[in-house]
Amino acid sequence: MVARTLAAGFLKHGHEVTVGTRDPGKLAAWRTQHPDARVGTAADAASAGEVLVLAVKGTAASAALGLAGAANLDGKVIIDTTNPIADAPPDHGALRFFTSLDDSLMERLQREYPSARFVKAFNSVGNALMVNPVLKGGPPTMFICGNDQDAKRIVKTVLDQFGWDTEDMGTVEAARAIEPLCILWCIPGFLRNEWTHAYKVLR
Ligand SMILES: NC(=O)c1ccc[n+]([C@@H]2O[C@H](COP(=O)([O-])OP(=O)(O)OC[C@H]3O[C@@H](n4cnc5c(N)ncnc54)[C@H](OP(=O)(O)O)[C@@H]3O)[C@@H](O)[C@H]2O)c1
């Protein structure tokens with residue numbers, strides 16, 4: 001869902017898009033609505049993309065990057081939307097993570113691919129609100145982090161187009177705080193079926 005949603009958002013804003021998947025057949029219906037999108041393997045998408053988006057199950061993030069191929073990730077900006085959700089049910093609405101508060105999924109991925117330029121983004125909101133959300137409180141805040149300033153500048157231009165205020169929380173270690181925002185975001189959904197909110201920083 002995240003890959004389809006963000007791919008549609010990039011197309012809407014005039015970018016060229018290649019979606020990578022292990023099973024192109026499951027995108028057949030989506031492609032009829034988005035005929036300009038190309039669909040290929042993870043390696044096709046990673047080699048074609050100037051900016052990459054990692055939008056896979058958290059437990060499969062490392063495997064998906066492996067399919068993309070290390071050479072195709074070298075120096076690339078990677079928007080990391082993933083959350084380290086464990087294969088276990090929520091506990092009273094609180095998702096379980098396979099990371100700890102002293103570690104995060106993005107740090108693990110950054111260590112595995114040191115020459116890739118990961119930027120955490122889009123992980124703390126549901127996909128229905130990712131592209132140009134219209135909310136009573138105005139534009140919501142997207143928390144981002146990553147080690148490369150230039151990569152974060154590029155991701156901010158994407159977030160500007162997609163209708164978000166950007167809060168840069170610093171280096172990759174901040175993913176220890178940004179990833180668990182997903183747990184908080186999902187609690188009203190699991191407890192009360194409320195899924196239409198987003199975070200905003202007020203000063
Ligand atoms: N859903 C949301 O609203 C939302 C919001 C914020 C963040 N997120 C995060 O964004 C990520 C994507 O979420 P999602 O809900 O769109 O889908 P998801 O069910 O978490 O992931 C689906 C994708 O994971 C890939 N995948 C699964 N196992 C794989 C493996 N072994 N190797 C390679 N790829 C594999 C699949 O790729 P194939 O196409 O190749 O099968 C599929 O496209 C997750 O980390 C999630 O926590 C989701």
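Mentor: A residue is termed buried when its relative accessible area is under 20%, exposed when that area is over 50%, and partly exposed in between. The model under discussion is predicted.

Trainee: Why is Phe 122 called buried?

Mentor: Phe 122 has a relative accessible area of 1%. The limit for a buried residue is under 20%, so Phe 122 is buried. Its place in the chain is the loop between β5 (117-120) and β6.

Trainee: What makes the phi of Phe 122 worth noting?

Mentor: Most residues other than glycine have a negative phi. Phe 122 is a residue other than glycine, yet its phi is positive, near 70°.

Trainee: Where is Asn 193 found, and why is Asn 193 called exposed?

Mentor: Asn 193 belongs to the segment that follows α9 (181-192). Its relative accessible area is 59%, and the term exposed requires over 50%; Asn 193 is therefore exposed. Asn 193 also has a positive phi, near 55°, and is not a glycine.

Trainee: Why is Gly 75 called partly exposed?

Mentor: The relative accessible area of Gly 75 is 34%. Residues between the limits of 20% and 50% are partly exposed, so that term applies to Gly 75. Gly 75 sits in the loop between α5 (70-73) and β4 (77-80).

Trainee: Which residues does Gly 75 contact, its neighbours within four places in sequence set aside?

Mentor: Gly 75 is in contact with Ser 115, Ala 116 and Arg 117, when those neighbours are left out. Contact here requires heavy atoms within 4.5 Å. As for Ala 88, it is 13 residues from Gly 75 in sequence, and their C-alpha atoms are 34 Å apart.

Trainee: What relative accessible area does Arg 96 have, and why is Arg 96 called partly exposed?

Mentor: Arg 96 has a relative accessible area of 38%. That value falls between 20% and 50%, and Arg 96 is therefore partly exposed. Arg 96 lies in the loop between β4 and α6 (105-112).

Trainee: How do you know that the side chain of Arg 96 has a polar contact with Pro 89?

Mentor: The backbone oxygen of Pro 89 is 2.7 Å from a polar atom of the Arg 96 side chain. The cut-off for such a pair is within 3.5 Å, and the pair of Arg 96 and Pro 89 meets it. Beyond four places in sequence, the contacts of Arg 96 include Pro 84, Ala 86 and Asp 91. Ile 85 is another of these contacts; it is 11 residues from Arg 96 along the chain, with a C-alpha separation of 5.9 Å.

Trainee: What makes β6 and β7 paired strands?

Mentor: Pairing requires at least two bridges, and 4 bridges join β6 (residues 141-144) to β7 (residues 165-168). The two strands run parallel. Phe 143 has Glu 167 as its bridge partner, while Met 142 stands opposite Thr 166. Together with helix α7 (residues 149-161), β6 and β7 form a right-handed β-α-β unit.

Trainee: Which way do the residues of β6 point?

Mentor: Thr 141 and Phe 143 point one way, whereas Met 142 and Ile 144 point the other way; all are buried.

Trainee: Why does Glu 167 count as buried?

Mentor: Glu 167 has a relative accessibility of 17%. The value is under 20%, so Glu 167 counts as buried. Among the residues that Glu 167 touches, those up to four places away in sequence not counted, are Ile 144, Val 201 and Arg 203.

Trainee: Which residues of helix α1 are buried, and what covers them?

Mentor: In α1 (residues 2-12), the buried residues are Thr 5, Leu 6, Ala 7, Gly 9, Phe 10 and Leu 11. Their cover includes β1 (18-20), α2 (28-33), β3 (51-54), β4 and α7. Gly 14, just after α1, has a positive phi of about 90°.

Trainee: How do you know that Val 2 makes a polar contact with the ligand?

Mentor: A backbone N or O atom of Val 2 is 2.9 Å from a ligand oxygen atom, and the limit is within 3.5 Å. Backbone N or O atoms of Met 1, at 3.0 Å, and of Lys 57, at 3.1 Å, likewise lie within that limit of a ligand oxygen. The ligand has 890 Å² of accessible area on its own, of which the protein covers 72%. Its surroundings comprise 22 residues, the closest being Thr 21, Arg 22, Lys 26, Val 56 and Asn 127.

Definitions and conventions
Residues numbered from 1 in each chain as written. Predicted model: local features only at pLDDT ≥ 70, side-chain atom pairs only at ≥ 80, totals over all residues. Heavy atoms only, no water. Buried < 20%, exposed > 50% of the residue type's maximum accessible area, 1.4 Å probe, protein only. Right-handed = clockwise from strand over helix to strand, strands pointing away. Near = heavy atom within 4 Å. Polar contact = N/O pair within 3.5 Å; in protein donor to acceptor, adjacent residues only side chain to side chain. Areas by Shrake-Rupley, 256 points an atom, 1.4 Å probe, with all protein chains shown as cover.
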